[in-house]
Amino acid sequence: MPRPLPTPAEAAEILARKRTRPQRRPPPVAGRGLSKLLKELDAKYGQGPGALQARWREIVGVELAKRTEPVKLTKPRGGGPGALEIRVAGASAALIQHQAHEIVSRVNLFLGEGAVNKLRIVQGPLRTAAAAEPKTARKRAAPLDAAREAELAKSLENAPDGPLKAALLRLGRGVMRRGAG
């Protein structure tokens, strides 16, 4: 035999008598729990190459940043100043080696006094070479005047329509622009 459901008044009375479980609290935000640990690790190990990579142009200057990039910051086990490994593009390594003392002093200004005392130079292609140079917008060429455009269209009227004719039109426009200037 099925049990009858309580009326709304009976349900309210039952709920008032019974204690319900408290709602579960959500876990704390991860950033709040990790911030203390991160501050301790930062104080112990320093900012590292990530901070150097982000501000490398400001630290060493635009000309050196075009030729170099920081790779790794190595700290000795006993503490003390570490070694900074930088990658240098091509034959610039000899020039960079002559400026090693200046680079170390600039890095120490950024990371704190005595953070780095040695510079290791590794030759190789830069990963940030494309990002180091600002991109220049291509200047759009001025269109041909109507008479020259008609002359070009008349010379290609016997060519069949399609990608070949379109390519010949672009080539003709380019040649005529250079000849006009």
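**Exercise 1: the largest nonpolar core.** In this predicted model, find which members of the largest nonpolar core touch the most other members.

*Solution.* Start with the whole set: the core holds 19 residues. Now pick out the best-connected ones, and you get Trp-56, Leu-84, Ile-103 and Val-107. Next, ask where the core residues come from. At least two each are supplied by helix 4 (56-60), helix 5 (62-67), strand 2 (82-88), helix 6 (93-98), helix 7 and strand 3 (116-123). Helix 7 chips in the most, with 4 residues. Finally, look for another core: there is a second, separate one of 5 residues, including Leu-144 and Leu-169.

**Exercise 2: around Trp-56.** List what Trp-56 touches, skipping residues up to four places away in sequence.

*Solution.* Click on Trp-56 and check its surroundings. Among its contacts are Leu-84, Ile-86, Ile-103 and Val-107. Trp-56 also touches Gly-61, Ala-65, Thr-68, Glu-69 and Pro-70.

**Exercise 3: Asn-108.** Work out whether Asn-108 is buried or exposed, and what its side chain meets.

*Solution.* First, place the residue: Asn-108 sits in helix 7 (residues 100-111). Then take its relative accessibility, 8%; buried means under 20%, so Asn-108 counts as buried. Beyond four places in sequence, Asn-108 contacts Glu-113, Gly-114, Ala-115 and Val-116. Zoom in on Val-116: its backbone oxygen is 2.8 Å from a polar side-chain atom of Asn-108.

**Exercise 4: leucines on the surface.** Decide whether Leu-38 is buried or exposed, and name its patch partners.

*Solution.* Go to helix 2 (residues 30-45), where Leu-38 lies. Its relative accessibility is 52%, so Leu-38 counts as exposed. Leu-38 forms a nonpolar surface patch with Leu-34, Leu-37 and Leu-41, together about 350 Å² of accessible area.

Notes:
Residues are numbered from 1 along each chain as its sequence is written. This is a predicted model: local features need pLDDT of at least 70, side-chain atom pairs count only at pLDDT 80 or more; totals for chains, interfaces and linings use all residues. Side-chain values use heavy atoms; hydrogens and water are left out. Buried means under 20% relative accessible area, exposed over 50%, partly exposed in between (1.4 Å probe, protein chains only). Contact means heavy atoms within 4.5 Å. A polar contact is a pair of N or O atoms within 3.5 Å; within protein, one must be able to donate a hydrogen and the other to accept it, and residues adjacent in sequence count only if both atoms are side-chain atoms. Patches are made of residues with over 30% relative accessible area and no salt bridge: like charges are joined within 9 Å, nonpolar side chains (Val, Leu, Ile, Met, Phe, Trp, Tyr) within 5 Å. Accessible areas come from the Shrake-Rupley method with a 1.4 Å probe; for residues, only the protein chains shown count as cover. A salt bridge is a side-chain nitrogen of Lys or Arg within 4 Å of a carboxyl oxygen of Asp or Glu. A nonpolar core is a set of buried Ala, Val, Leu, Ile, Met, Phe, Trp, Tyr and Cys residues joined through side-chain atoms within 4.5 Å.
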